[in-house]
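These entries record what I looked up in one protein structure. I began with the overall architecture and then turned to pockets and cysteines.

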Amino acid sequence: MTTHAERPCALETQHLTIRFGGLTAVSDLNLAVPHGSIVGLIGPNGAGKTTAFNIITGFYRPTEGKVLFYGEDITGRLPHLVCKTGISRTFQNIRLFSNETVLQNVMIGCHVRQKSEWWMAPLMLPLFNREEKAIRERSYHLLESIGLLPYANEISNSLPYGAQRRLEIARALATEPRFLLLDEPAAGMNPQESLELMGFIRALRKEYDLTILLIEHDMKVVMGVCEYIWVLDYGVLIAEGGPQAIQSNPKVIEAYLGEEVTADA
């Protein structure tokens, strides 16, 4: 069996640092995410987890360090160009196009790969028509694969919360990523929904040949689905390792897991 360290590296951050004025939000962060893995980035609120996601996906430019994707330096690349390289993400706060239908939300994601130009639309040129048909068919397939096909023509903000989370993931998948970043996918879910989410994430990896990095506060989800975990505290990496090692790490328990351990006691 191939171990975490033996698999080729999909995403790597090298000495990643970002400062906002006098505040260092992320300091000297080194991650190496193996191809095909499901891994986690955890820590208390304000630890710098979403900031790290924002650097990786081009929303922030780091003060120091590099982001490598399959060996290619993508540091500071604009978000839409990062997306085109094969990295997609969801957000901590759901960011759907709330007045559009479920189908339209997924189709918008597909347009990242569109070859026809915007000006072809009013002219109804053959290339545009062919692509729109293919995008619609792909969007229906994505909705079917994640169980949202019955909602295709519903307005997205009318969906139950858990379904909106899945829709945001479907829209991310529509960009045809190789690497998926999930920012608190279990937020707001009840225990049963969180349990189903773990199976859903594993199924996504298999069906779409994905590497997945997630931020999550639900430790049952993190420990249940992640093969390897990094722990941030005040922007500094304080621990990394497999789920068992992280659960028993004194620094992690003191900085973050103390509440979880107490709650489960």
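Entry 1, overall architecture. I counted the secondary structure and obtained 10 helices and 10 strands. The model is a predicted one. I then looked up burial: of the 265 residues, 48% count as buried. For contacts with a separation of 6 or more, I found that 68% are made by residues 24 or more positions apart. The accessible surface came to about 13000 Å², and carbon and sulfur atoms hold 54% of that area.

Entry 2, the largest pocket. I noted a volume of about 380 Å³ for the largest pocket. Its lining consists of 20 residues, and those nearest the centre are Cys83, Ser88, Arg89, Phe91 and Thr175. I listed the elements that contribute two or more residues to this lining: helix H2 (79-85), strand E6 (87-89), helix H3 (102-110) and helix H6 (161-173). Of the lining, H2 supplies the largest share, with four residues. By residue class, I recorded 10 nonpolar, six polar and four charged residues in the lining.

Entry 3, cysteines. How many disulfides does a search of the whole structure find? I found zero. I next asked whether Cys83 is buried or exposed. Cys83 has a relative accessible area of 13% and therefore counts as buried, the cut-off being under 20%. Cys83 is also one of the residues nearest the centre of the largest pocket. Cys226, at a relative accessible area of 5%, is buried because this value falls under 20%.

How values were computed:
Residues numbered from 1 in each chain as written. Predicted model: local features only at pLDDT ≥ 70, side-chain atom pairs only at ≥ 80, totals over all residues. Heavy atoms only, no water. 1 Å grid on protein atoms, 1.4 Å probe; cavity = no way out; pocket = protein on both sides within 12 Å on 5 of 7 lines; lining within 4 Å. Points joined across faces, edges and corners; volume = space filled by probe spheres on them. Nonpolar A, V, L, I, M, F, W, Y, C, P; charged D, E, K, R; others polar. Disulfide = S-S within 2.5 Å. Buried < 20%, exposed > 50% of the residue type's maximum accessible area, 1.4 Å probe, protein only. Contact = heavy atoms within 4.5 Å. Areas by Shrake-Rupley, 256 points an atom, 1.4 Å probe, with all protein chains shown as cover.
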